[in-house]
Amino acid sequence: MLETTVVVIGGGATGMGTLRDLCMRGVPAILLEQGGLAHGTSSRFHGLLHSGGRYAVNDNESARECIEENMIVRRIGRQCVEETEGFFALTPGDDPAYVEPWAEACRKAGIDAQELDVAEALRLEPNLSPDIRRVFRVPDSCVDGFRLALHNAMSARRHGGRVMTYHEVTAIHQRNGKVCGVTARNSISGESLEIACQCVVNAAGSWSGRIAGLAGLDVAVSPDRGTLIVFNHRFTSRVINRLHPGADGDIFVPHGSITILGTTSTPTERPDDTTPTCTEVLRLLDLGEPLFPAVRQYRILRAFAGTRPLYTPGNAAGRKASRNFHVVDHAEQGLEGMVSIFGGKLTTYRLMAERVSDNVCARLGVHAPCRTADEALIPDPDQAMLRRAARYFPVQGLQLMADRLGDDLPDVLQQVELAGRAGESDGNPLLCECEMVSLAEIERVARDPSTHSLTDIRLRTRLGMGTCQGTFCSLRTIGALVEHGVPLELSPTDNVRRFLQERWRGLRPALWGTQAREMELGRAVYAGTLNLDGAANEQDN
Amino acid sequence: MSRIIDVLVVGSGLAGLVAALTAAREGRSVRMVTDGMGSLAISGGCVDLLGYAGGQRLNDPWSGMDLLPPAHPYRLLGASRVRAAVDMLLQCAADQGWPLHTAATPEGAPCNALLPTIMGTLKPSYLLPDGLDPAALARARRILVAGVHGLRDCRPALIVSQLRRYRDWADKDFVPFMLPSPLGATHRSLSALDLARLVDRPRGRDWLIQNLRKHAGQCDAVLLPPICGSRADASIWHELNQAVACPLVEMLSIPPGVGGLRLRDALLRELRRHDFELVENARIIRATTDGKRCTSLTALAAGQERRHTARAFVLATGGILGGGIELAPGSARESVFKLDIPVPSDVTLWSEPEIFGNHVFSRLGVRVDGEMRPQDDSGQAWYDNIFFAGRSVGGYDFATEKSGHGVALATGWQAGRMAAATAGKFHEPASGEQL
Ligand SMILES: Cc1cc2nc3c(=O)[nH]c(=O)nc-3n(C[C@H](O)[C@H](O)[C@H](O)COP(=O)(O)OP(=O)(O)OC[C@H]3O[C@@H](n4cnc5c(N)ncnc54)[C@H](O)[C@@H]3O)c2cc1C
Ligand SMILES: Cc1cc2nc3c(=O)[nH]c(=O)nc-3n(C[C@H](O)[C@H](O)[C@H](O)COP(=O)(O)OP(=O)(O)OC[C@H]3O[C@@H](n4cnc5c(N)ncnc54)[C@H](O)[C@@H]3O)c2cc1C
């Protein structure tokens, strides 16, 4: 039986942010996540750090929150954000009468939206449709949601917090109308774990309705599914939004060497309804054309889907439902010590965490103020450390790697230096050339107690996310890990099979063009050459 | 204006090479136009005939032919033609000093062999060069498993851990061993092809021999990545085996395909003994037809168009990967003649949720008759003097069946024969045939 003051349920941005906030205020807390880090929507979203422009007209309050948090996240989460800025572009199909009220609403929310000459905009973004009529630049940015959750976790750990992945909360216990603990099931060992606590924070995103249900509460959270397409090409260096009332398929977001187009919006029953469909992909391509006429020519790398936790009291659905967040103290329904955070956006995760933590702290009588906006998630590595690292890591990928690793950088560096001195290693080869991931980084991540599979390693390092989609690097990685004695949950062949299977899910709905060639190559290698399919039935244990 | 040749072969994968050889051996003039080296250059040097059918692994590939669906290329051809094709390849390879052979059952019948891969898995295959013959492994008690520092794709520890999971291998002794990089202490990454090219030269062979000798003495066999030379030169293989004094066996590996390049080398050498011309880096972009006859194909090379006029044509342009089949949302077509390949309009139906499942897309290809002529929906040949071969032909999934080179071989042989015969007819207008 473990004991703590607060149990946070959900290891997405919101939950991790809450854990960090509580720990920084000196409140002991443990976070439980049913899957790996950021298993839910925080790693299955568009990656736009909203300026708020999208919400300015409909929900000016949300827009204001966005722009304020946008500025804060850039400051505290430098490693997770790429400061790209964004355009709002009016296409011939959009209502020109929307522009003035929109610009006015941006002014009101404090969003700096500057009109730009169309010719100048096209010079900056040459792939953009020459038919666009008006363009405004706004302080949109791009954010890596997985890394944001990870770096929040690292910061929380530094302040004494504890993160337990692969622990699914199965029961919430109460005594005399007060929360007194939770039961969690370790999904890897199957064992169950009791944790005594005074408060539970339900930050389970699309699952938060179910978590409330565990405590016997009935709340209106409904998952809403959104699909996105990833292109193997950075054909825009800015976020491009259509200047119209928010709709499907109207935003392009660049990330590193790729671009993501999205999204769709359809109500679903299941929070894990994340298999994209071909119909959605084709629809997104149609919708994307007015902004980028050549959108069909770019190679699709994969499609993926996530579910939004829409808070729907009164049955508003889809795009009509509020994108705002709500902190609900369930004391109002007769359960003290349980607080839920419903709805919201990744952009405002910190603010959401602050509001929940305020609530919890008030109950606990803790008066320490929130400091999460003041302190960086990860301290910047010093230059001397980066110079040392340059001897072992490819220079072009150095900053990327340092940003990915966060707190783990010094450790990784020390390991390669030791191995290098002992002369025992074959250097520090790049195992994934597309994303510049080296052996040392992979080994460190693989040894992390929260890592159980190649897929976990992929999420942390971006291994296999590039052009080859894992065809070459998954085999190399599993080989190196066995060679270095790093155990994973599954056997090496099962691990690779599952990794390829996960990639396959994202490839299927767009099985044409170059992507289909890559797929035939992948099958030729893993089935045709390595007989991974046949071996499944022929190898023991 | 170039001369009119008998048979024009498009594509230089295994199907194209075999078609060209078959036609050339019948005395026809052959020109091969190709814009790349095909899958052969990235695949292993063995010929998989049929490893799995009806959900079963086959010990005897011939016994599985009847289990295949009627539209499968082997069924269209019939087993006796497939055998004839195999025999021709065996003959040509032997003539070039690069013999291929099959494993044999205890009763002496030819059968599939199980070949170890760099992942420590086993793959059934049929025709093997000496270097892949696993017979020595079956007898061995103690096996040295070698990797090379800098060769990221081959890790002895992985191979050993996975081979042990096969019952027949569980009790063997394995000695994992890393050879030092031949480049010294640099940290440069190497591919199996880099190493094989080094071993083509005496200095590289010395490096390999010296390092293997240190450990091979205590072992009954050495398992190593495909690095024993990049060409079809059996003398290198014999030199290495003798010097190390322990049987060497190469593993199947991922691209680049050292084994495939050796086979390609042997077949091109054999082709050069005939009336054969190779035009590389040229892409066929257009066909000129006259009713049911094709008269010429136009190639684009270095910005220049060139027309190739021939009496018969073999299209061995490969599949989705090779470039012979193009997929677009909701449609599929053959890439040179733009023949429509019927597919469900909903792309979701092209594949199954399981990556190694039974997908429509992996069996997509041109529909042909038993003579390899492309057919329309009603079973009529589109053209009389065009023959398809290899992965561009539909009806089979080479990856799960383990039949890639086997189908390329059998269909290439048939397409080459038919093209030769067709071109022959045009030589003899007296026979009354319409040109
Ligand atoms: C398609 C799409 C695009 C989006 N694009 C953007 C965007 O561009 N910008 C933006 O700001 N926002 C965007 N959003 C919204 C944003 O992604 C989400 O609001 C945000 O990620 C939610 O984070 P979270 O931490 O609340 O939830 P999640 O990240 O979903 O975390 C909840 C976690 O709880 C865990 N959990 C569930 N049940 C249990 C249990 N019983 N025990 C333990 N753990 C449990 C889940 O596994 C999950 O990891 C998008 C959303 C979608 C769907
Ligand atoms: C990575 C990999 C590993 C494999 N391993 C094995 C194995 O170990 N054993 C086995 O039996 N099978 C294996 N296979 C399968 C086997 O290689 C193929 O099924 C078979 O070789 C297909 O041969 P092909 O000649 O039909 O096509 P390809 O080899 O694809 O050749 C097509 C050729 O056509 C050319 N071409 C295409 N379009 C044009 C055009 N318009 N103009 C000019 N040229 C054109 C291409 O450049 C190429 O030369 C493997 C396949 C791959 C991809």
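**Figure 1. A look around Arg188(B), in a loop of chain B.** In this predicted model, Arg188(B) touches Gly150(B) and Leu183(B), leaving aside residues up to four places away in sequence. The loop that holds Arg188(B) runs between β12 (173-179) and α6 (192-200) of chain B. For a sense of scale, take Arg83(B) as a second landmark: Arg188(B) and Arg83(B) are 105 residues apart in sequence, and their C-alpha atoms are 45 Å apart in space.

**Figure 2. Where chain A meets chain B.** Here 51 residues of chain A are in contact with 60 residues of chain B. Together the two chains bury about 5000 Å², and carbon and sulfur atoms give 59% of that area. On the chain A side, Arg508(A), Glu520(A) and Arg523(A) lose the most area to chain B, together making up 15% of what that side buries. There is plenty of polar detail to look for as well: 35 residue pairs are in polar contact between the chains, counting pairs with both residues at pLDDT 80 or more. Which parts of chain A give two or more residues to the side that touches chain B? They are α7 (278-288), β23 (430-432), α14 (473-483), α15 (492-507), α16 and α17 (532-538) of chain A. The largest share, 13 residues, comes from α16(A). Sorted by class, the residues on this side of chain A are 26 nonpolar, 13 polar and 12 charged.

**Figure 3. Salt bridges that link chain A and chain B.** Side chains of opposite charge can pair when their charged atoms come close. Over all chains the structure holds 65 salt bridges, and seven are counted between chain A and chain B. One to find is the pair Arg476(A) and Asp153(B), with the closest N and O atoms 2.7 Å apart. Arg476(A) sits in helix α14 of chain A, while Asp153(B) sits in the loop between β11 (142-148) and α5 (156-163) of chain B, so this pair joins two chains. Another salt bridge brings together the side chains of Arg152(B) and Glu433(A), at 2.8 Å from N to O.

**Figure 4. Ligand 2, lying between chains A and B.** A shell of 37 residues surrounds ligand 2, and the closest are Asp35(B), Ser39(B), Ile284(B), Arg391(B) and His405(B). Start at Ser39(B), where a polar backbone atom is 2.6 Å from an oxygen atom of ligand 2. Then move to Lys123(B), which places a polar side-chain atom 3.0 Å from an oxygen atom of the ligand. Ala316(B) takes part through its backbone, with a polar atom 3.3 Å from an oxygen atom of ligand 2. How much of ligand 2's accessible area does the protein cover? The answer is 98% of the 1000 Å² that ligand 2 has on its own. The elements giving two or more residues to the shell come from both chains: α16 (513-529) of chain A, joined by α1 (14-25), β16 (283-290) and α11 (404-427) of chain B. By class, the shell has 16 nonpolar, 16 polar and five charged residues.

**Figure 5. Ligand 1 and the residues around it.** Turn now to ligand 1, which 35 residues surround; Thr14(A), Glu33(A), Ser42(A), Leu48(A) and Thr347(A) are the closest. At Ser42(A), an N or O atom of the side chain is 2.5 Å from an oxygen atom of ligand 1. Leu48(A) uses its backbone instead, with a polar atom 2.8 Å from a nitrogen atom of the ligand. A polar backbone atom of Leu346(A) lies 3.0 Å from an oxygen atom of ligand 1. The protein covers 96% of the 1000 Å² of accessible area that ligand 1 has on its own. Two or more shell residues each come from α1 (13-24), β11 (167-175), β15 (221-231) and β20 (300-311) of chain A. The shell divides into 12 nonpolar, 19 polar and four charged residues.

**Figure 6. Backbone details in the loops.** A cis peptide bond runs from Gly262(A) to Thr263(A), with omega near -5°. Thr263(A) is in the loop between β18 (258-262) and β19 (266-267) of chain A. Chain B offers a cis bond between Pro255(B) and Pro256(B), where omega is about 0°; Pro256(B) lies in the loop between β14 (248-250) and α9 (258-271). Arg462(A) is not a glycine, yet its phi is positive, about 70°. Asn531(A), also a residue other than glycine, has a positive phi near 50° and belongs to the loop between α16 and α17 of chain A.

Conventions. Residues are numbered from 1 along each chain as its sequence is written. Chains are lettered from A and ligands numbered from 1 in the order in which they are written. Side-chain values use heavy atoms; hydrogens and water are left out. A residue is near a molecule or strand if one of its heavy atoms lies within 4 Å of it. A polar contact is a pair of N or O atoms within 3.5 Å; within protein, one must be able to donate a hydrogen and the other to accept it, and residues adjacent in sequence count only if both atoms are side-chain atoms. Accessible areas come from the Shrake-Rupley method with a 1.4 Å probe; for residues, only the protein chains shown count as cover. Helices (H or I, at least four residues) and strands (E, at least two) are DSSP runs, numbered from the N terminus. Ala, Val, Leu, Ile, Met, Phe, Trp, Tyr, Cys and Pro count as nonpolar, Asp, Glu, Lys and Arg as charged, and the others, Gly among them, as polar. Contact means heavy atoms within 4.5 Å. Buried area is the accessible area (1.4 Å probe) that two parts lose on being put together, summed over both. A salt bridge is a side-chain nitrogen of Lys or Arg within 4 Å of a carboxyl oxygen of Asp or Glu.
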